[in-house]
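Me: I would like to go through this model step by step. Please keep the answers short and show the reasoning.

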Amino acid sequence: MSTIFQKIIDKEIPADIVYEDERALAFRDIQPQAPTHVLIIPRKPIVKVADMGKEDRELLGHLLWVAAEVARQEELEDYRLVTNNGEGAGQSVFHLHVHLLGGRELGWPPG
Ligand code: AMP
């Protein structure tokens, strides 16, 4: 089933894209929870971390590198990277994504 993020990858719906390459895409969250709230996604339609295959290990590393690259672009020193794995953990879009949150104090533990 096609998710909203697949539609963004396919350029069927617009997004505020801040980084793009042949494997990944980063765009601003439509409901930002911090001054910087960017989602980093693979072009490959993987549902969540738990569904990644062994062959996807390098891809996950790449997503983290993209997150760090976007954080540099945004001039963030301190930030949080989160991926919600499954509905019970808060996942609402079933295409793997890493949240990059920064620009404010971030409490711990998260809710
Ligand atoms: P999660 O709840 O971890 O699955 O995160 C999904 C995120 O996608 C939420 O923070 C939503 O605000 C965000 N989101 C949903 N639709 C869009 C969209 N069209 N463009 C940008 N972000 C979106």
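The questions below go from the whole chain to single residues.

Me: What kind of model is this, and how many helices and strands does the chain have?
Reply: The model is predicted. From the N terminus, its elements follow the order α-β-β-β-α-β-β. The count is 2 helices and 5 strands.

Me: Which radius of gyration does the chain have, and what would a compact globule give?
Reply: Along the principal axes, the C-alpha atoms fill a box of roughly 35 × 30 × 25 Å. A compact globule of 111 residues would come out near 13 Å. The chain agrees with that, at 13 Å.

Me: What share of the residues in the chain is buried?
Reply: Buried means under 20% relative accessible area. The chain has 111 residues. Of these, the buried share is 41%.

Me: What share of the contacts joins residues 24 or more positions apart?
Reply: The contacts considered have a separation of 6 or more. Within that set, pairs 24 or more positions apart account for 53%.

Me: How much area does the chain expose, and what part of it comes from carbon and sulfur atoms?
Reply: The exposed area is about 6,700 Å². Carbon and sulfur atoms supply 52% of it.

Me: How many positive and negative side chains are there, and how far apart are the centres of the two sets?
Reply: The chain has 12 positive side chains and 18 negative ones. The centres of these two sets are separated by 5 Å.

Me: What length does helix 2 reach, and what is expected?
Reply: Helix 2 covers residues 57–73, which is 17 residues. At 1.5 Å a residue, 24 Å is expected. From first C-alpha to last, helix 2 comes close to this, at 25 Å.

Me: Which residues of helix 2 are buried, and which strands help to cover them?
Reply: An α-helix has 3.6 residues a turn, so residues three or four places apart point the same way. In helix 2, the buried residues are Leu59, His62, Leu63, Val66, Ala67, Ala68, Val70 and Ala71. Their cover includes strand 1, strand 2, strand 3, strand 4 and strand 5.

Me: Where does lysine 11 lie, and what is its phi?
Reply: Most residues other than glycine have a negative phi. Lysine 11 has a positive one. It sits in the loop between helix 1 (4–9) and strand 1. Its phi is near 60°.

Me: Is glutamate 75 buried or exposed, and what is its phi?
Reply: Glutamate 75 follows helix 2, in the loop that leads to strand 4. Exposed means over 50% relative accessible area, and glutamate 75 has 73%, so it is exposed. Its phi is positive, near 55°.

Me: How does glycine 90 count in accessibility?
Reply: Glycine 90 lies in the loop between strand 4 and strand 5. The partly exposed class lies between 20% and 50%. At 46%, glycine 90 counts as partly exposed.

Me: Which residues does glycine 103 contact, leaving aside its neighbours within four places?
Reply: Glycine 103 is in the segment after strand 5. Its C-alpha atom is 26 Å from that of lysine 48, 55 residues away along the chain. With those neighbours left aside, its contacts are Pro35 and Leu76.

Me: Which form, cis or trans, does the peptide bond from tryptophan 108 to proline 109 take?
Reply: Most peptide bonds are trans. Proline 109 lies in the segment after strand 5. The bond to it from tryptophan 108 has omega near 0°, and the form is cis.

Note on methods: Residues are numbered from 1 along each chain as its sequence is written. This is a predicted model: local features need pLDDT of at least 70, side-chain atom pairs count only at pLDDT 80 or more; totals for chains, interfaces and linings use all residues. Side-chain values use heavy atoms; hydrogens and water are left out. Helices (H or I, at least four residues) and strands (E, at least two) are DSSP runs, numbered from the N terminus. The radius of gyration is taken over C-alpha atoms; the globule rule is 2.2 Å times the number of residues to the power 0.38. Buried means under 20% relative accessible area, exposed over 50%, partly exposed in between (1.4 Å probe, protein chains only). Contact means heavy atoms within 4.5 Å. Accessible areas come from the Shrake-Rupley method with a 1.4 Å probe; for residues, only the protein chains shown count as cover. Lys and Arg count as positive and Asp and Glu as negative; His and the chain ends are not counted. The place of a charge is taken as NZ of Lys, CZ of Arg, CG of Asp or CD of Glu. The expected span of a helix is 1.5 Å times one less than its number of residues.
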